[in-house]
Amino acid sequence: MAVNLVNVEAVSKVYGTRALLDGVSLGVSEGDRIGVVGRNGDGKTTLIRMLAKLEEADSGRVTHSGGLRIEVLTQHDSLDPKATVRHEVIGDMADHEWAGSAKIRDVLTGLFGGLALPGFEHGLDTVIGPLSGGERRRIALAKLLIAEQDLIVLDEPTNHLDVEGISWLARHLRERRSALVCVTHDRWFLDQVCTRMWDVQKGTVYEYEGGYSDYVFARAERERIAATEEVKRQNLVRKELAWLRRGAPARTSKPRFRVEAANELIKDVPPPRDTSELMKFATTRLGKTVFDLEDVSVQAGPKLLLKHLTWQLGPGDRIGLVGVNGAGKTSLLRAMAEAARTGGETQPAAGRVSVGKTVKLAYLSQEVAELKPTLRVLEAVQQVRERVDLGKGREMTAGQLCETFGFSKEKQWTPVGDLSGGERRRLQLLRLLMDEPNVLFLDEPTNDLDIETLTQLEDVLDGWPGSMVVISHDRFFVERTTDRVFALLGDATMRMLPRGIDEYLERRQRMTEAAVPAAPAPAAVAADGTKAVSAADARAAKKELQKIERQLDKVSEKETKLHAQIADNATDFEKVAKLDAELRELIGEREELEMRWLELAEDA
């Protein structure tokens, strides 16, 4: 029986006239890995701050188990600006002590790319004060992960991490014993790390078993059972579920949610986009030439980022661009954008960028453009255009597109100066799309956007006919919106990756391993590098595998029946609670069987 670490009982919190949380009761137990999702401003950060006792509730109470060791990563660090990285992260430990700790080596390598902290002028002896917000955040995260805790609470831990760093953090958190509560908009990360989800909506917190994929399925099913009137929202959830099932569902080595039920729910949902139709439409809007790069070199000051690059962005191409920080992703887009802005007159350090005559480029940079603070949201959008053609016969007014991006009719009359960072980012995206471009450059478009807004943006981009280049550390967004992935690996070249981001991570891993001496291989391995297993052991493993498969079939049947019973008794809260407890127990049994199956499969 897992020990309960934190209890939240009937907690309420009001800001002004708005109830962020209304009578919320939750619990965190040993081994829990909980992902917290919801719209910006709905109370996710407030919930975890109260859970960690950093903020008082207006009513209700939060209790911690005796001697609970809890660490919190907030959005604003409390590092001493006069201290060095060494002092904050490692403390007084001697070099031979921390260097001998596998955990500390793993954290420093995973977050900073090496024990010498490449990128920091004086390595561990770098003073914190002059560092950027992103660098300070990685230091705060390293300090937290090196310590020992019973419960870790993380608020947007993937901010300022690249694809590699996020992949490392997901693996590290899966292997830790500490319980975890994590607020993040990174859906791939949620799917890799979390075993439960909390969805914060309008003062209430809905609980779901499983990771992000399971949450999307359960939420779509809940909305279907409740016969919600929010048809548009329901369809968006079902569309994302269809992507998870059809697009790239094999993210883990075991089935993460009930395949048959999910397939039934999405059977009438078409694929996210008709690529061939969009390509035809894009060609008519753009012609044959969009961007042609010939023997191009790109520099940032004295540093040569790319050399002898010959590459083509064609009509309708949807490209994801990934790479190590500082490899030149943003610099490449800027060079192309500058050539487009000046009609080809401004060229990079060497080579030539040719731009199609019909190209109308919209470039979303990482900096949020400043607008007159007294301007209303709707006015800021209407300044660009009253109506927008989204292709395939879809047309929207400025007000309708505002609503699609989460600006309600009331919110559309909010002055720009009163908007949050995420809302300003949404407004920037809106204004770009209202200008009806036929080429989009999106540099970290997911910054400050909540998951619901991300799904709405993806829905708009699904039917958008044109060429697109996306730079993002949000792996889910890149896989969802683009068709091909190119990588800048830090060696001044660009490579196409047929297997996408998985291939990028494999290449980076090989590059990292090549830079350090290889560890001696274990003695008991077969010729092909796999673990040596005797014929008798293999036969025994196969026999047990068959037994487990029969048990999994029975468990699956019981799960299906329990889901049907929960649906039939949706209004009987006492019965639903009892059935839910049975379901959790069954899910735990299934996961144990699946893990044992995976262990045996290797031997078999």
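Let's start at helix H19, which covers residues 535–568 and is where you'll find Lys547. Keep in mind as you look around that this is a predicted model. How buried or exposed is Lys547? With a relative accessible area of 48%, Lys547 is partly exposed. The label stops at "partly" because exposed means over 50% and buried means under 20%, with partly exposed in between, and Lys547 has 48%.

Lys547 also has company: together with Arg550, Lys554, Lys558 and Lys561, it forms a positive patch on the surface. A residue needs over 30% relative accessible area to be part of a patch, and Lys547, at 48%, has that.

Now move along to helix H20, made of residues 573–603, and look for Glu592. Glu592 has a relative accessible area of 61%, so it counts as exposed. Which charge gathers around here? It's negative: Glu592 shares a surface patch with Glu582, Glu585, Glu589 and Glu591.

Time to zoom out to the whole protein. How many helices and strands does it have? There are 20 of each. The chain runs to 604 residues, and 49% of them are buried. As for the outside, the accessible surface comes to about 29100 Å², and carbon and sulfur atoms account for 50% of that.

Finally, think about which parts of the chain touch each other. Take the contacts between residues at least 6 apart in sequence: 69% of these join residues that are at least 24 apart.

Key:
Residues are numbered from 1 along each chain as its sequence is written. This is a predicted model: local features need pLDDT of at least 70, side-chain atom pairs count only at pLDDT 80 or more; totals for chains, interfaces and linings use all residues. Side-chain values use heavy atoms; hydrogens and water are left out. Patches are made of residues with over 30% relative accessible area and no salt bridge: like charges are joined within 9 Å, nonpolar side chains (Val, Leu, Ile, Met, Phe, Trp, Tyr) within 5 Å. Accessible areas come from the Shrake-Rupley method with a 1.4 Å probe; for residues, only the protein chains shown count as cover. A salt bridge is a side-chain nitrogen of Lys or Arg within 4 Å of a carboxyl oxygen of Asp or Glu. Lys and Arg count as positive and Asp and Glu as negative; His and the chain ends are not counted. The place of a charge is taken as NZ of Lys, CZ of Arg, CG of Asp or CD of Glu. Helices (H or I, at least four residues) and strands (E, at least two) are DSSP runs, numbered from the N terminus. Buried means under 20% relative accessible area, exposed over 50%, partly exposed in between (1.4 Å probe, protein chains only). Contact means heavy atoms within 4.5 Å.
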